[in-house]
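Open your viewer, set the chain to cartoon, and keep the selection box handy. We will go from stop to stop, choosing what to select next.

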Amino acid sequence: MSMVPPPFDPELAAVLEVVAETLPSTFTIDMVPAIRQGIAAARPDPEALDQDGFFEVEDRVVPGPEGAPDISLLIARPAVSAGARSVFYHVHGGGMVLGDNRTGTDMVLGWARELDAVVVSVEYRLAPENPYPAAIEDVYAGLVWTAEHAKEIGGDAERIVIAGASAGGGLTAALALLTRDRKGPQPIGQLLMCPMLDDRNDTVSSHQMAGLGVWDHASNEMGWTALLGDRRGGPNVPAHAAPARAEDLSGLPPAFLDIGSAETFRDETVAYASRIWQAGGVAELHVWPGGFHGYDMMAPQAEVSRATQTARLRWLGRLLGE
């Protein structure tokens with residue numbers, strides 16, 4: 001088994017050198033409080049997200065899971081009135097330990113502006129203070145509310161696409177499984193960007209990228225341990241926690257999965273797409289050469305990042321019939 005990592009794309013490698021000055025390859029649990037403070041300090045108000053008045057943006061507090069706290073949804077809908085629109089239900093990233101419902105929304109708002117859709121971004125409880133199943137139950141509760149109140153927010157309950165990156169991608173995959181199993185709202189598609197799917201953290205790519213890029217093997221172990229504690233990597237981890245554990249991937253909405261070739265989650269993402277096909281499902285998979293974790297957000301003008309963004313938007317357009 002070769003542990004020689006694939007090369008980074010030259011444009012991305014130059015950006016990564018700069019990123020590495022402030023963003024380490026390895027995150028440890030003791031770094032989490034300071035990073036959370038930084039995220040909170042930079043949290044934009046709704047007015048900062050309206051894109052010069054294109055969107056009406058609000059925060060809405062809605063019921064959480066039974067017996068759990070309420071959850072906060074960021075809702076953005078085009079200001080010009082129209083019929084019921086498609087809805088992008090967004091689950092933020094952050095390794096299960098970081099982020100809020102503003103994290104990653106620039107990209108999703110861009111899709112919504114291009115395709116005339118409503119955005120709902122869910123805030124979920126973070127680990128380690130709130131271990132599994134807190135996050136996925138919050139994400140599910142937010143989807144149920146969104147489907148039940150779609151007309152109220154200008155959306156169409158029959159045209160919900162679920163989407164997320166990194167930990168949000170893993171939670172999105174788990175959400176597709178959970179709502180299938182509970183016979184809850186049925187999304188028409190799932191968009192999984194560099195998804196965090198497998199708590200076992202033992203693929204070739206997870207070992208190849210140890211100490212390299214962004215979110216390496218040790219970071220991944222930290223994130224999964226925060227979520228699962230001593231169960232991480234063991235025999236009794238449920239699929240709604242780590243979707244790679246699912247025995248049955250049939251009956252899921254069409255999936256779009258993308259990943260960089262030079263990142264920890266490469267092999268688990270490729271395996272997940274393959275297993276969807278093996279179960280008779282529909283999936284589109286892109287492995288972008290030389291991409292590190294989150295490259296498209298950190299280097300949006302790089303050629304491979306632009307190609308990535310275009311591929312996602314085209315898939316969404318086809319899915320929605322635009």
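**First stop: the largest pocket**

Select α3 (105-115) to begin: with four residues, α3 gives the most to the lining of the largest pocket. Helices here are DSSP runs of H or I with at least four residues, strands are runs of E with at least two, and both are numbered from the N terminus. This is a predicted model, in which local features need pLDDT of at least 70 and side-chain atom pairs count only at pLDDT 80 or more, while totals for chains, interfaces and linings use all residues. Residues are numbered from 1 along each chain as its sequence is written, and side-chain values use heavy atoms, with hydrogens and water left out.

Now add α2 (32-41), β3 (85-91), α9 and α10 (303-320), which, along with α3, are the elements that give two or more residues to this lining. To centre your view, pick G93, T103, G104, M297 and M298, the residues nearest the middle of the largest pocket among the 40 that line it. Its volume is about 1000 Å³. The pocket search uses a 1 Å grid over the protein atoms alone and a 1.4 Å probe; a pocket is an open set of points with protein on both sides within 12 Å along at least five of seven lines, and lining residues have an atom within 4 Å of a point. Grid points are joined across faces, edges and corners, and the volume is the space filled by probe spheres set on the points.

Colour the lining by class and you will have 19 nonpolar, 15 polar and six charged residues. Ala, Val, Leu, Ile, Met, Phe, Trp, Tyr, Cys and Pro count as nonpolar, Asp, Glu, Lys and Arg as charged, and the others, Gly among them, as polar.

**Next: the second largest pocket**

Select R36, I39, R43, G99, D100, E123, Y124, L126, E129 and N130, which line the second largest pocket. About 160 Å³ of space lies there, and the lining divides into three nonpolar, two polar and five charged residues.

**Then: two cis bonds**

Move to the loop between β4 (118-122) and α4 (134-148), where P128 sits. The peptide bond joining A127 and P128 is cis, with omega about 0°. P133 is in the loop between β4 and α4 too, and the bond from Y132 to P133 is cis, with omega near 15°.

**Aromatic rings**

Which two rings should you show next? Choose F8 and F292, an edge-to-face pair at 6.3 Å centre to centre with 85° between the planes. Rings of Phe, Tyr and Trp (its six-membered ring) pair if their centres lie within 6.5 Å; planes under 30 degrees apart count as stacked, over 60 as edge-to-face and the rest as tilted. F8 lies in the segment before α1 (10-19) and F292 in the loop between β8 (283-288) and α9 (295-298), so the pair ties together parts 284 residues apart in sequence. F8 is partly exposed at 22% relative accessibility, whereas F292 is buried at 0%. Buried means under 20% relative accessible area, exposed over 50%, and partly exposed in between (1.4 Å probe, protein chains only).

**Last stop: positive phi**

Select S166, in the loop between β5 (155-165) and α5 (167-181). Its phi is near 60°, a positive value in a residue other than glycine. Finish at W215, where phi is positive too, at about 65°; W215 is buried, at 6% relative accessibility.
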